[in-house]
Amino acid sequence: MIAAVLEAPGRMDLREVEDPKCPPGGLLLKVEASSICGTDVKMYERGQRDLVCPRILGHEISGVVFERDGRGPKVGERVQIYPGVYCGRCPSCRKKAENLCERIRIIGFNLDGGFAEYLLVPKESVDNGSVNLIPDGVEFEEAALAEPLACCINSQELAGVGDGDSVLIFGAGPAGLLHAMLARLRGASMVAVAETLDHRVRIARSSADLVVDPMRDNLYDLMMDLTAGRGFDVIILASRDVPVDSELFSLLTPRGRISLFSGLPPNLASARLDLNRLHYREHMVVGSYGCNPAQNREALELIAGRIDVRRLITERVYLREIMRGMEHTGERRGLKAVVTDFG
Ligand SMILES: [Zn+2]
Ligand SMILES: [Zn+2]
């Protein structure tokens, strides 16, 4: 079959690889849609903690069951894949934080992923409920976005986004916009988005109460006006270029939470904080990385009903022109690029 193989950071080859065989107890999936994530671009440009090369990337995957051995969905059924392959027994798994499993392997990171005609889905994924039937009426390309939406659910659960919260999101890329839609659904009373790119500002306006350009506007004054001087209950960093500093904390209300949704570049990865400010105002900082399988299932249900992800898809590419999709994502030209044709 044809696959896009990351040989090493900086080098992706489109080449013929051996067809995967249906593993014992597992599935062989005919891939129908694989969306490109900012993390794929990061892995291509710089590598990533969980990446092992050579590797077929792609962790936002949907397709049709082509072959199966044992249980699980039948041949011909439409499914979306939760990419974590976890043990189910370690302390993290028992706490339903399967994304932090001690023995986790991740499809598209250290197992081959969806930028290929076929995907091997291991037995554990079938047994653990990581293969989700796509609801009727949901297209493959929409179902592929269940994984990134699930990552937003994880972040908002950890940051406790709920009824009446005011939420400020940095970044109106695909993740920032999913966060905005989700925060509303979870009962946020006000959603503001900070974004510098014009085309993203325009799209964000339909999902947020206010979109500001932090390069042009005085963010602090605007945000304080918007919250009647109280600050925000939750700030979500869905952008890699926001310093976590006292200025950011000054935008938080007492008991406010900051979610570190995006991984930060080395120059922003360390911070000096006034910890007494956190102490007196009961501020919280929460990390989030990936999602658990239950959140993935919830995301797929939301896509079938209350969250329209179609408007986030701004580019569709053939597998053989995957670099165009990677550039679309890396250069932040539009929003989401999806590989939808594998011929
Ligand atoms: Zn991703
Ligand atoms: Zn585990």
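Buried, in this talk, means under 20% relative accessible area. Keep that cut-off in mind. The model is predicted.

Let's start with the metals. The zinc ion that is ligand 1 has two protein donors, Cys37 through SG and His59 through NE2. They lie 2.1 to 2.4 Å from the ion. Where do Cys37 and His59 sit in the chain? Cys37 is in the loop between β3, residues 27-35, and α1, residues 38-46. His59 is in the loop between β4 and β5, and β5 covers 61-68. The two donors are 22 residues apart, so this pair links distant parts of the chain.

Now burial. Cys37 has 13% relative accessibility, so it counts as buried. His59 has a relative accessible area of 4%, and it is buried because that value is under 20%.

On to the other zinc ion, ligand 2. Its protein donors are Cys87, Cys90, Cys93 and Cys101, each through SG. The distances run from 2.3 to 2.4 Å. What is the geometry of the site of ligand 2? It is tetrahedral, with angles of 105 to 115° among the 4 donor atoms. Along the chain, the donors follow the spacing C-x2-C-x2-C-x7-C. Cys87 is buried, and Cys90 is too.

Next, a pocket. The second largest pocket holds about 270 Å³ of space. It is lined by 18 residues. Closest to the centre are Pro20, Ile56, Leu111, Asp112 and Leu120. Two elements give two or more residues to this lining: β4, residues 55-56, and β9, residues 118-121. Of these, β9 gives the most, with 3 residues. What is the lining made of, by class? There are 12 nonpolar residues, 1 polar and 5 charged.

Asp112 leads us to the salt bridges. The structure holds 23 of them. In one, Asp112 pairs with Arg55, and the closest N and O atoms are 2.9 Å apart. Asp112 sits in the loop between β8, residues 105-106, and β9, while Arg55 is in strand β4. That is a link between distant parts of the chain, 57 residues apart. Is each partner buried or exposed? Asp112 is partly exposed, at 36% relative accessible area. Arg55, at 11%, counts as buried.

A second bridge joins the side chains of Glu141 and Arg316, at 2.8 Å from N to O. Glu141 lies in helix α4, residues 140-144, and Arg316 lies in strand β17, residues 313-318. The pair therefore ties together parts that are 175 residues apart in sequence. Glu141 counts as buried, at 14% relative accessibility. Arg316 counts as partly exposed, at 42%.

A third bridge brings together Glu315 and Arg324, 2.9 Å from N to O. Glu315 is buried, with a relative accessible area of 17%. Arg324, at 33%, counts as partly exposed. There is also a network: Arg71, Lys123 and Asp127 are joined by salt bridges that share partners.

Last topic, the cavities. How many of 30 Å³ or more turn up in a search of the whole structure? The search finds 2.

The largest cavity contains about 40 Å³ of space. Its lining is Asp245, Ser246, Phe249, Arg272, Leu273, Asp274, Arg277 and Leu278. Helices first: α9, residues 246-249, and α10, residues 275-281, are the elements that give two or more residues. By class, this lining has 3 nonpolar, 1 polar and 4 charged residues.

The second largest cavity has a volume of about 30 Å³. Which residues line it? They are Leu145, Pro148, Pro174, Leu178, Leu312 and Lys336. That lining has 5 nonpolar residues, no polar ones and 1 charged.

To recap, then. Ligand 1 has Cys37 and His59 as its protein donors. Ligand 2 has a tetrahedral site. Asp112 is among the residues closest to the centre of the second largest pocket, and Asp112 also forms a salt bridge with Arg55. Glu141 and Arg316 meet across 175 residues of sequence. Over to the group.

Note on methods. Residues are numbered from 1 along each chain as its sequence is written. Chains are lettered from A and ligands numbered from 1 in the order in which they are written. This is a predicted model: local features need pLDDT of at least 70, side-chain atom pairs count only at pLDDT 80 or more; totals for chains, interfaces and linings use all residues. Side-chain values use heavy atoms; hydrogens and water are left out. On a 1 Å grid over the protein atoms alone, a cavity is a set of points where a 1.4 Å probe fits but cannot get out, and a pocket is an open set with protein on both sides within 12 Å along at least five of seven lines; lining residues have an atom within 4 Å of a point. Grid points are joined across faces, edges and corners, and a volume is the space filled by probe spheres set on the points. Helices (H or I, at least four residues) and strands (E, at least two) are DSSP runs, numbered from the N terminus. Ala, Val, Leu, Ile, Met, Phe, Trp, Tyr, Cys and Pro count as nonpolar, Asp, Glu, Lys and Arg as charged, and the others, Gly among them, as polar. Donors are N, O and S atoms within 2.8 Å of the metal (3.2 Å for Na, K and Ca); water is not among the atoms, so sites may look incomplete. Buried means under 20% relative accessible area, exposed over 50%, partly exposed in between (1.4 Å probe, protein chains only). A salt bridge is a side-chain nitrogen of Lys or Arg within 4 Å of a carboxyl oxygen of Asp or Glu. Four donors count as tetrahedral if all angles lie between 85 and 135 degrees; four count as square planar and six as octahedral if opposite donors are over 155 degrees apart and all others between 65 and 115; anything else is irregular.
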